[in-house]
2 protein chains.
Amino acid sequence: MRILLIEDERELAEALSAALGKHGIVTDHTVHLVDAVELTRQNLYDAILLDRRLPDGEGLSFIPELRRTGKDTPIIVLTARNEPKERIEGLDLGADDYLGKPFLVEELMARLRAVLRRSPELAELKITAGRMVIDPLHLSVTVDAVPLDLPRRELLVLAALARRKEQTVLRSTLEAAVYNYEEEIQSNALDAHISRLRKRLIDVGAGVAIHNIRGVGYLMKEE
Amino acid sequence: MRILLIEDERELAEALSAALGKHGIVTDHTVHLVDAVELTRQNLYDAILLDRRLPDGEGLSFIPELRRTGKDTPIIVLTARNEPKERIEGLDLGADDYLGKPFLVEELMARLRAVLRRSPELAELKITAGRMVIDPLHLSVTVDAVPLDLPRRELLVLAALARRKEQTVLRSTLEAAVYNYEEEIQSNALDAHISRLRKRLIDVGAGVAIHNIRGVGYLMKEE
DNA sequence: CCACAAGGGTTGCGGCAGCATTGCGGAGCT
DNA sequence: AGCTCCGCAATGCTGCCGCAACCCTTGTGG
């Protein structure tokens, strides 16, 4: 799960990013609308959080701009401009939800879940693979209905692979699923996660195997 | 147990919220119908307490509105408009109970219990875990039929975990089960409750253990 | 069939973030 | 006044995870 946060208050952005991280959500953050356009071109986000007052313009203008490129990524507007009239304006421009500042992270999470639930692309509310059922929104994995507790990063790798089981997943796709731009890695951390994950999957008899496609990425197969 | 109170007399609302709190019920309070609609969209309440005269309209109009969204959350109307004709009106619109002001909190509690007893979703009238039996409506826990008295917040944590035993419960879910929107916590209060609860559970041999899932939440397992 | 290179697998280590524990003090109840 | 509850913060501890060293596998060229 990866989202884009467009917000100019750095403190709020950092707090949000940390809080969302605890829910297994990887957040990219930008302050400027221009960068946001660029980022959405290069990445497929699951949702976008959008402020209105931004240094280079009204955030709402981003919505039609994004839609014009054919993307219907869910957008939640986060703003202090919270008059009923302003809310209507935002929603009519194509925002999926509108949340006034200040807000509780828990409410934002709930709204995110609601918005994603409605999003047809992400019918991934429950991913099944082998004997596993993965619930990425609630950060849980079960094997034959027995809960399995995994470290957060391993869980993210697992979910990213299981979501595309029987397909090769690019190395870079996996990295994008687990790390944001600020969390650069300069080692084989991903390989290490895969390694430990494999061991665990064998231990519990998960009914899946992770294969390597040399020079390309990884592939999860059911047994 | 979490309920929504829609009521415009602030004093009454605060008193009620406090009184219900003593019965282990977490109360979200709002004055406006618009907010109520929003809140029910984002939260799953166990019941709703509804006033009739509200600043933005007749409270009763909320009932069909809620039902239309597919929720059959029990609703108790609390109002000074207590003529027989008015009561019939309320109940026919889909309210589960109708209580005239002024009333005794004890009566409200009893009616709440009655209404919840009928509610099929909450087959959680008795939660069993290990050697414990928890009755969240009467705020009691027994271990091998011996009553155990726990501080209120610890009990709420316990019930929230026991209700989802063998499953990972997100930290945020636990917080939502114990605190309402106004009671923000900025410390490790939850951890402290868990810690003290664990000690007690061991002392009495409750037959359950609370495990931590690092970065995610907690998990109750039976032994 | 061997040499070599490059990519991947595995594993121990260490830093540090997140968790556990506990004493303190304020608030509320009796 | 004395009690318990509970939020808070200080302290110590645990285990995740990035890192890098080393080994194994695969592919290519001679």
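**Chatting about the DNA contacts**

Trainee: Let's start with DNA strand D: what share of its atoms within 4 Å of the protein belongs to sugar or phosphate?

Mentor: Sugar or phosphate makes up 60% of those atoms, and the rest belong to bases. Keep in mind that this is a predicted model, where local features need pLDDT of at least 70 and side-chain atom pairs pLDDT 80 or more, while totals for chains, interfaces and linings use all residues. Residues count from 1 along each chain as written, chains are lettered from A and ligands numbered from 1 in written order, and side-chain values use heavy atoms, without hydrogens or water.

Trainee: Okay! Which residues come nearest to strand D?

Mentor: Of the 25 residues around DNA strand D, the nearest are Pro151(A), Arg153(A), Arg153(B), His193(B) and Arg214(B). To be near, a residue needs a heavy atom within 4 Å.

Trainee: And what do the side chains of His193(B) and Arg214(B) touch?

Mentor: His193(B) has a side-chain N or O atom 2.7 Å from a phosphate oxygen of DNA strand D. For Arg214(B), the partner is a base oxygen of DNA strand D, at 2.8 Å. Tyr179(B) joins in too, with a side-chain N or O atom 3.1 Å from a phosphate oxygen of that strand. The cut-off for a polar contact is 3.5 Å between N or O atoms.

Trainee: Which helices supply the surface near strand D?

Mentor: Helix 6 (152-163) and helix 8 (189-204) of chain A, together with helix 6 (152-163) and helix 8 (189-204) of chain B, each supply at least two residues. Helix 8 of chain B gives the largest share, four residues. Helices here are DSSP runs of H or I with at least four residues, and strands are E runs of at least two.

Trainee: Now DNA strand C. Which residues come nearest there?

Mentor: Asn188(A), Gly215(A), Tyr218(A), Arg198(B) and Tyr218(B) come nearest, out of 25 residues around DNA strand C. Sugar and phosphate account for 64% of the atoms of DNA strand C that come within 4 Å of the protein.

Trainee: What does Asn188(A) reach, a base or a phosphate?

Mentor: A base: a polar side-chain atom of Asn188(A) lies 2.7 Å from a base oxygen of DNA strand C. Tyr218(A) reaches a phosphate oxygen of DNA strand C at 2.8 Å, and Ser195(A) has a side-chain N or O atom 3.3 Å from a phosphate oxygen. Helix 8 of chain A and helix 8 of chain B are the elements giving two or more residues to this surface.

Trainee: Changing topic, in what order do the strands of the open sheet in chain B run?

Mentor: The order is 8-9-10-11, with antiparallel pairing. Strand 8 (127-129) and strand 11 (146-148) each have a single partner strand, so one side of each lacks a neighbour in the sheet. Pairing takes at least two DSSP bridges; strand 10 (residues 140-143) and strand 11 of chain B have three. Thr142(B), for one, stands opposite Pro147(B) in strand 11 of chain B.

Trainee: What about Ala145(B), is it buried or exposed?

Mentor: Ala145(B) is exposed, at 67% relative accessibility. It sits in the loop between strand 10 and strand 11 of chain B, and its phi is positive, near 70°. Most residues other than glycine have a negative phi.

Trainee: And how accessible is Asp144(A)?

Mentor: Asp144(A) is partly exposed at 45%, again with a positive phi, about 50°. Asp144(A) lies in the loop between strand 10 (140-143) and strand 11 (146-148) of chain A. Buried is under 20% relative accessible area, exposed over 50%, and partly exposed in between, with a 1.4 Å probe and protein chains only.

Methods
Polar contact = N/O pair within 3.5 Å; in protein donor to acceptor, adjacent residues only side chain to side chain.
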